[in-house]
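Colleague: I am new to reading protein models, and I would like to learn how the descriptive words are justified. Could we go through one together?

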Amino acid sequence: MFADVIVDIQHEKLDKIFQYRIPEEMEGRLEPGMQVLVPFGKGNRQIKGYVTGISEECDYDLSKVKEIAEIPERGVEIEAKLVALAAWMKENYGGTMIQALKTVLPIKQKENAKVKKRLRLLLDEETGKRQLHYYLEKNQKARARLMAALLDDHLLEYELVTKKLNITLPVIRALEEQGVLAIESEQVFRTPLKETGRQEETIDYTPEQRRIIDRFREDYLQGIRHTYLIHGVTGSGKTEVYMEMIRTVVEQGRQAIVLIPEIALTYQTVMRFYRRFGDRVAIMNSRLSAGERYDQMMRARAGQVDVMIGPRSALFTPFPNLGLIVIDEEHEPTYKSEQTPRYHARETAIRRAQTEDAGVVLGSATPSMEAMYRARRGEYVLFEMKNRSRMQQMAQVYTVDMREELKNGNRLILSRKLMELMAERLAKGEQTMLFLNRRGYSGFISCRECGHVVKCPHCDVSLSVHRDGTMRCHYCGYEQPKVTVCPECGSRYIGEFRAGTQQIEDLVHQAFPQARVLRMDMDTTRQKDAHEKILSAFANEEADVLVGTQMIVKGHDFPNVTLVGVLAADMSLYTADYRSGERTFQLLTQAAGRAGRGEKPGEAVIQTYDPSHYAIETAAAQDYEAFYGEEIRYRELMGYPPVENLLAVFISGEDEALLEKGCRYLKEYILRVSRGSRDVQVIGPAGPGIDKIKDVYRRVIYVKAGRYEILVEIKNRVERYIEINSGFDRMRIQFDFNPM
Ligand code: ADP
Ligand code: ZN
Ligand code: ZN
């Protein structure tokens, strides 16, 4: 038996895995993640490595393969757990072990010479002293000197160490390698509050909050770990509940990770955590440099923080004693990685929690179909929070049928009802948000007179218009000529919906010359921080109306917004995607939830060409149950996730003819290997969205199966198949499980 071993997990070059023979006495004891000592290089010096995989075959010259020297006797380090997690991700999401390791491990970037560096002690006092003793014993004077200095002062200026203490880089590196110290570069991102800013707020929890907090605490203290799903309307006090759960975990000497989508990670939210946990909180966001992110990770590793807050990648914070992972806005598509391995943070968090004896809490006002499906099947513990914590009313929602508007002679993109309510707001000095739903806009064709949308006869998703004048299905490749007359009602008002945010802004100016309007879309947010600036200007009531795409739906609270208009609510229904109903429901519910967050009651207007579509009807009624019931029936009927599982195999290459041939072979191969299982279905190949980008052609084959493991097995087989068949080395193949 042979083990794959990675020896250097800290540096950017992390890219080489070596094979070692497993000595007989170690057989059966090794598994991915375990630390081993291996002989390395010409001199066979012994170095530390981590097992990343085990196999029966050796890819190298057998006579040259070295043997693993030993398994060090020590507790399992966090790095080992993360390596094991990477192995799990590689297996379940595809890609290489190196890609998985790079996703999971905090990787030190090349150091910038101009940046001021510091050395930070990673050991606690006692272990440090023992280490000092050891160096003295071994007569390693330089190491001992540095160790003693670090015990005096846990954070040393690099300059001071090299100049005053006269310690050379190899010594520093050696201690770094032994995990004694970390070399930090750049500014460490610190809490803007002093420790004294911490307040013990006394909140009277609502009965709904109390019940969840108590149940969690009871379970936790008894050592029971679950995944909990909190389905709570916006403003029901979920964040307060998370903080209370975190307190329980931190009291036990353990740490917590809080995942929040970047866009919702606002100053307000961050401050709430700081106020509660002081400088034991660290924040991770995309504005930090790679060096700063690494520093944050090292602070967590060294036990200097208890709570890490950040987007998806914060999931891999190397806490030594993780107790809880919270995923807020659990339904957000940003929790799915768009790079290989295309992992989902929810599943990966649950896996990490299992292996580290931690709990998981998912929260959302509109839980994903996945989460609710699992909760209903008893895999998660489900909590409902139906009331807003401060007794505000939910918004009053009106649906406007835009076909009727057209019949009544209104050709504008704003309905009369919406304009009427806007005028009222302007008179009262209250604010309005106009939200143009353009999510996943993909050139579908719809009839403005009857609302009909042209769909694929096989897949029940909308067909997309291509420049060559055809309409195609992105799942199965079905194709037909573009229609110019509505096949339902014969109207010539059929085509692509083209309104943009700019047009809406112009229209608002025309209709209400006195109104101050802000616009937020791709064009106005190109510059750094533009996004924040627009939102804070609107929060400061420097404008009466904010027009924008879905980016305005999340994040900030605007207490003076009492009206939300959703234009083209059904636009997102017809993305060529089985999740379109779910996304539409989520967007509309969130949009409606934006109105009336303050003291004043809110109203929302949903404009649509398809008012009787269940996603729109149930969103207008703010009835999640009803939506879930309809949607899960559809998923069952079509065999889509979460009822069944879907694997997308993306194939791309520059040579179109070769690509076509490769796709054919692959499809045949998949059909062949899956013949044993009756529930496997292979669809495609089709072009995924855009067929050709920068001279690279792309295709996708979908494989549907009841059980996830079958898809993993197919992925493994395909990986081996393309490895041994030449021709595929001129194509790129990627896997995406349950794509979003
Ligand atoms: P969610 O995360 O569900 O949207 P939050 O936790 O942000 O809800 O709560 C919404 C608002 O209500 C916040 O301003 C929060 O401070 C406040 N709040 C939450 N729980 C309570 C409570 N029990 N009593 C008073 N105010 C509360
Ligand atoms: Zn029609
Ligand atoms: Zn189709």
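Colleague: By class, how many nonpolar, polar and charged residues does the shell around ligand 1 have?

Modeller: Happy to help! Please keep in mind that this is a predicted model. The shell around ligand 1 has eight polar residues, five charged ones and three nonpolar ones. In total, 16 residues surround the ligand, and the closest are Asp204, Gln209, Lys238, Thr239 and Arg272.

Colleague: Which helix gives the largest share of the shell around ligand 1?

Modeller: That is helix H8, residues 238-251, with three residues in the shell.

Colleague: How do you know that an oxygen atom of ligand 1 and a polar backbone atom of Lys238 are close enough for a polar contact?

Modeller: We compare the distance with the cut-off. A polar contact needs a pair of N or O atoms within 3.5 Å. For Lys238 the distance is 2.8 Å, so the pair qualifies. Polar backbone atoms of Gly235, at 2.9 Å, and of Ser236, at 3.4 Å, also lie within that limit of a ligand oxygen. As for cover, ligand 1 exposes 550 Å² when taken alone, and the protein buries 77% of that.

Colleague: Why is Thr248 called buried?

Modeller: Buried means under 20% relative accessible area. Thr248 has 3%, so the word fits. This residue is found in helix H8, and its side chain makes a polar contact of 3.1 Å with the side chain of Arg217.

Colleague: Now for the metal. What are the protein donors of the zinc ion (ligand 2)?

Modeller: The donors are the SG atoms of Cys447, Cys450, Cys486 and Cys489, lying 2.3 to 2.4 Å from the zinc ion. The cut-off for a donor to this metal is 2.8 Å, so these atoms count. Along the sequence, the donor residues are spaced C-x2-C-x35-C-x2-C. Cys450 and Cys489 link distant parts of the chain, being 39 residues apart. Cys450 sits in the loop between strands S17 and S18, and Cys489 in the loop between strands S20 and S21.

Colleague: What makes the arrangement around the zinc ion (ligand 2) tetrahedral?

Modeller: The angles do. Four donors count as tetrahedral if all angles lie between 85 and 135 degrees. Here they run from 106 to 112 degrees, so the arrangement is tetrahedral.

Colleague: And why are Cys450 and Cys489 called partly exposed?

Modeller: Partly exposed covers values between the 20% limit for buried and the 50% limit for exposed. Cys450 has a relative accessible area of 22% and Cys489 has 40%, so both earn that label.

Technical notes:
Residues numbered from 1 in each chain as written. Chains lettered and ligands numbered in written order. Predicted model: local features only at pLDDT ≥ 70, side-chain atom pairs only at ≥ 80, totals over all residues. Heavy atoms only, no water. Near = heavy atom within 4 Å. Polar contact = N/O pair within 3.5 Å; in protein donor to acceptor, adjacent residues only side chain to side chain. Areas by Shrake-Rupley, 256 points an atom, 1.4 Å probe, with all protein chains shown as cover. Helix = DSSP H or I, 4+ residues; strand = E, 2+ residues; numbered from the N terminus. Nonpolar A, V, L, I, M, F, W, Y, C, P; charged D, E, K, R; others polar. Donors = N, O, S within 2.8 Å, 3.2 Å for Na, K, Ca; no water. Tetrahedral: all angles 85-135°; square planar, octahedral: opposite > 155°, others 65-115°. Buried < 20%, exposed > 50% of the residue type's maximum accessible area, 1.4 Å probe, protein only.
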